[in-house]
Amino acid sequence: MRLIVHNMLTCNIKGVINKFPLRIEAEKVIKKEVDFNPDFLRHMLAKIEWKALVDGARSMGYTELPDHAPDTERVESDESFLKKFHHALLELHLEEGSLVCQETGRKFPVDKGVPNMVLREDEV
Amino acid sequence: MKSRTADIHLVSSHREVYEPCDDSFALVDALLADQTNLINHNPKLCMEIGSGSGYVITSLILLLKESLPNVHYLATDTNPIAARVTNETLQAHGVSAEVVCTDIASCLEERLSGLVDVMVMNPPYVPTPEYEVGVEGIASAWAGGENGRSVIDRVLPVVDRLLSERGWFYLVTLTSNYPSEICLVMRERGYASRIVVQRSTEEENLIVLKFWRDEDEESVVKETASVSFLTQFSRSLSSFVEKQWR
């Protein structure tokens, strides 16, 4: 599971209000290189919840992301930022660990890179 | 020569996971038939709901990646074993997608709303008693409840929410699912539709439908252009030949 997906995941347990983001408890993280595509990154920047990305990256051992994303005009020219964004968003894989609902503490396991978000009957 | 679809010998398997069959092949054939349109459409995010063995999502990646190397792919399945098998199949073909084990797209709907450009699904479409729907394990791959529509009817509003303005949706159905009714439901949500592949096997009459948004003028032009006289003629001819043979 990469942070691009983590940034889209919410906890859908019935009644939960604070459903995003899920806190990451990392047990095994691997890095896989992916082609750098600045157009895609600029396109994604508007959709990404930045703080969730920064916290998620930290949980996976990457602390280079700035606390705030630069303004859209500056992003165009800031390749160093884009490279860090690229690495955090697309190259860090959570192979084993859990995603934790901030409100209920419910842990969703991540096994061989696949988060299991299926809810129990009483949670739906 | 590089294959445009997944290699059946590289597709991972497990007794609790649905193996690629006529319906899977029909969906991939539909995507192949629409390959040029798909490439010209230039999707950024493609998604499969219910990826099972991973055969379809892998094939979709393979048929797009040469022309569109920067597309992102997402696959979901409610069966954790299927999610794992999907990952194995992807890896065996040297391609990757994000795989999430979830019911339809339950934990993704909110944040992914309006972002999916191509959605594909081979749903559990077999008419069965309602109590068989959603039962853990391999039966969840086919059990579709009354008229085989239980899961399909739940998926349609989710797909509508997830699809972007230019979104396309390919859905495998049986004639027993009343596909014309499905098209009507989607019509009310603002979608046009057409049949991409129609196939009669010994057991099933499969119809692969394609949906796109009415307001997406670009798609409307492409879709009406692609259903040329020649295509319509050759479809009628092959359907006639099939009937004669049977």
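## Close-up views of a two-chain model

**View 1. Helix α3 of chain B is mostly covered.** Helix α3 of chain B spans residues 55-65, and 10 of its 11 residues are buried. The model shown here is predicted. The buried residues of α3(B) are B:Tyr55, B:Val56, B:Ile57, B:Thr58, B:Ser59, B:Leu60, B:Ile61, B:Leu62, B:Leu63 and B:Leu64. What do the buried residues of α3(B) pack against? Three helices of chain B take part: α1 (22-33), α2 (35-41) and α4. Strands β1 (45-49), β2 (72-77) and β4 (116-121) of chain B are packing partners as well.

**View 2. B:Thr86 sits in helix α4 of chain B.** This helix covers residues 80-92. Is B:Thr86 buried or exposed? B:Thr86 counts as buried, because its relative accessibility is 0% and the cut-off for buried is under 20%. Beyond residues up to four places away in sequence, B:Thr86 touches B:Ser51, B:Gly52, B:Ser53 and B:Gly54. Its other contacts in that set are B:Ile57, B:Ala75 and B:Val99. One of these partners, B:Ile57, is among the buried residues of α3(B).

**View 3. B:Leu10 meets residues far along the sequence.** B:Leu10 lies in the segment before α1 of chain B. B:Leu10 is partly exposed, at 37% relative accessible area. Which residues does B:Leu10 contact, leaving aside neighbours within four places in sequence? They are B:Thr89, B:Ala92 and B:His93. B:Leu10 and B:His93 are 83 residues apart in sequence. In space, their C-alpha atoms are 7.0 Å apart.

**View 4. Chain A and chain B share an interface.** On one side, 25 residues of chain A are in contact with 22 residues of chain B. The area buried between the two chains is about 2,000 Å². Carbon and sulfur atoms give 58% of that area. There are 9 residue pairs in polar contact between chain A and chain B, counting pairs with both residues at pLDDT 80 or more. Which elements of chain A give two or more residues to the side that touches chain B? They are α1 (3-6), α2 (38-45) and β4 (114-115) of chain A. By class, this side of chain A has 13 nonpolar, 7 polar and 5 charged residues.

**View 5. Salt bridges cross between the chains.** How many salt bridges are there between chain A and chain B? The count is 2. A:Arg2 pairs with B:Glu98, and their closest N and O atoms are 2.4 Å apart. B:Glu110 and A:Lys19 also form a salt bridge, at 2.8 Å from N to O. B:Glu110 lies in helix α5 (residues 109-112) of chain B, and A:Lys19 lies in the loop between α1 and β1 (23-31) of chain A, so this pair joins two chains. B:Glu110 is partly exposed, with a relative accessible area of 38%. A:Lys19 is also partly exposed, at 22%.

**View 6. B:Arg199 and B:Asp29 form a salt bridge within chain B.** Their N-to-O distance is 2.9 Å. Why does this pair tie together separate parts of the sequence? B:Arg199 lies in strand β6 (residues 191-200) of chain B and B:Asp29 in helix α1 of chain B, so the linked parts are 170 residues apart in sequence. B:Arg199 is partly exposed, at 26% relative accessible area. B:Asp29 counts as partly exposed too, at 29%.

**View 7. Four residues of chain A form a salt-bridge network.** The network links A:Arg106, A:Arg120, A:Asp122 and A:Glu123. Within it, the side chains of A:Glu123 and A:Arg120 meet at 3.2 Å, N to O. A:Glu123 counts as buried, at 5% relative accessibility. A:Arg120 is partly exposed, with a relative accessible area of 45%. Over all chains, the structure holds 22 salt bridges.

**View 8. B:Cys101 is in no disulfide.** Over all chains, the structure holds 0 disulfides. For B:Cys101, the nearest cysteine sulfur is that of B:Cys107, 9.0 Å away. B:Cys101 is buried, with a relative accessible area of 1%. B:Cys183 is also buried, at 17%.

How values were computed:
Residues numbered from 1 in each chain as written. Chains lettered and ligands numbered in written order. Predicted model: local features only at pLDDT ≥ 70, side-chain atom pairs only at ≥ 80, totals over all residues. Heavy atoms only, no water. Contact = heavy atoms within 4.5 Å. Buried area = accessible area lost by both parts, 1.4 Å probe. Polar contact = N/O pair within 3.5 Å; in protein donor to acceptor, adjacent residues only side chain to side chain. Helix = DSSP H or I, 4+ residues; strand = E, 2+ residues; numbered from the N terminus. Nonpolar A, V, L, I, M, F, W, Y, C, P; charged D, E, K, R; others polar. Buried < 20%, exposed > 50% of the residue type's maximum accessible area, 1.4 Å probe, protein only. Disulfide = S-S within 2.5 Å.
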